[in-house]
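The report below takes up contacts, aromatic rings, one residue's surroundings and a pocket in turn. Please keep the sequence and the structure at hand while reading.

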Amino acid sequence: MPFILGFLMGLLVGGGCSKVEREPKEKKARVEQTEPQEILQEEAGEPDVPETLQAEDDVDGLGEVTAREIIYYTPRMPYAKMFDDVNDVHLEKARAVGLKKIPEKRDDINTSLLTRIDDSDYLVLDELRYSVPYLTGNAARELNHIARAFHDSLARKQFPLYKLVVSSVLRTEEDVTRLRKSGNPNASDNSAHCFGTTFDITYTRYHRDVETDEFMQPFELTKVLAEVLRDEKAAGRILAKYEKKEHCFHITACQ
């Protein structure tokens, strides 16, 4: 009899314990089944993206548009060594192919013998404080040829398009005097600029009509410009001087 009573008590106690142990397992199973479903439902919803953000502009997926610098991976030429035609050489050529009479003042300029230089698809004029926008016909064509060749080279390389900035053109004797008084160390009484054959292109600034997310530094663009000038010089069409203090290429057309 005691044995039977002990056996029955064991069944009662064991059954109660089993019930207590199974209940947490069932609850845990229910949690494991429902949580992934809730996560999937959240992930299936539309992402919270600002309406103003364009997908094609979000290059890093962070919701911000950043500019991208374009590098021209070619060695920099030795500009000072390559473009070293001194002033006397420029002056000799300018006298041979340019104006026969230097205008003393701007009112003395005979525009019928010259071509006016204006902003174009390939170049822009800087603030001309000491010169006027005129060149001989051949010099004007050479300037436009250089500017167009620069543009075409950028396009072939699939670089952003920039325009050249022309910083000096024809000078009168009065302009030269004013320039010397301003303290310019490169201003000479005998300037090739006075003959309408010579122009300066700055290498520290380039112009863009419309800014984009891609850009190039001036020193990278100068690599492209130098290639154009190298070819023109090799063909005998120009004389060129790399003016370090004036930050420009000083160029005289040879025809």
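## Contacts and overall make-up

Among the contacts in the protein with a separation of 6 or more, 74% are accounted for by residues 24 or more positions apart. The model is a predicted one, and the protein in it has 6 helices and 9 strands. Of the 255 residues in the protein, 36% are buried.

## Aromatic pairs

Searching the whole structure yields 8 aromatic pairs. One of them is formed by tyrosine 79 and tyrosine 242, whose rings are 5.6 Å apart centre to centre with 50° between the planes, a tilted arrangement. This pair links distant parts of the chain, since tyrosine 79 belongs to helix 2 (residues 79–82) and tyrosine 242 to strand 8 (residues 238–243), 163 residues apart. Both tyrosine 79 and tyrosine 242 are buried.

In another pair, the ring centres of tyrosine 203 and phenylalanine 249 lie 5.6 Å apart and the planes stand at 65°; because planes over 60 degrees apart count as edge-to-face, the pair is assigned to that class. Tyrosine 203 is found in the loop between strand 6 (198–202) and strand 7 (214–215), whereas phenylalanine 249 is in strand 9 (residues 248–253), so the pair ties together parts that are 46 residues apart in sequence. Tyrosine 203 and phenylalanine 249 are both buried.

The residues of these two pairs, together with Phe83, belong to one cluster, in which ring pairs link Tyr79, Phe83, Tyr203, Tyr242 and Phe249.

## A charge over a ring

A further ring interaction involves tyrosine 162, over whose ring the charged end of arginine 208 sits, 4.7 Å from the ring centre.

## The surroundings of threonine 136

Threonine 136 is located in the loop between strand 4 (134–135) and helix 4 (137–156). Its relative accessibility is 9%, and because buried means under 20%, threonine 136 counts as buried. When neighbours within four places in sequence are left aside, threonine 136 is in contact with Gly98, Leu114, Thr115, Phe195, Gly196 and Thr197.

## The second largest pocket

Leu114, one of the contacts of threonine 136, is also among the residues that line the second largest pocket. That pocket has a volume of about 190 Å³, and its lining consists of Leu99, Lys100, Lys101, Ile102, Pro103, Glu104, Asp108, Ile109, Asn110, Leu113 and Leu114. By residue class, the lining of the second largest pocket divides into 6 nonpolar, 1 polar and 4 charged residues.

Definitions and conventions
Residues are numbered from 1 along each chain as its sequence is written. This is a predicted model: local features need pLDDT of at least 70, side-chain atom pairs count only at pLDDT 80 or more; totals for chains, interfaces and linings use all residues. Side-chain values use heavy atoms; hydrogens and water are left out. Rings of Phe, Tyr and Trp (its six-membered ring) pair if their centres lie within 6.5 Å; planes under 30 degrees apart count as stacked, over 60 as edge-to-face and the rest as tilted. Helices (H or I, at least four residues) and strands (E, at least two) are DSSP runs, numbered from the N terminus. Buried means under 20% relative accessible area, exposed over 50%, partly exposed in between (1.4 Å probe, protein chains only). A charge sits over a ring if NZ of Lys or CZ of Arg is within 6 Å of the ring centre and within 35 degrees of the ring normal. Contact means heavy atoms within 4.5 Å. On a 1 Å grid over the protein atoms alone, a cavity is a set of points where a 1.4 Å probe fits but cannot get out, and a pocket is an open set with protein on both sides within 12 Å along at least five of seven lines; lining residues have an atom within 4 Å of a point. Grid points are joined across faces, edges and corners, and a volume is the space filled by probe spheres set on the points. Ala, Val, Leu, Ile, Met, Phe, Trp, Tyr, Cys and Pro count as nonpolar, Asp, Glu, Lys and Arg as charged, and the others, Gly among them, as polar.
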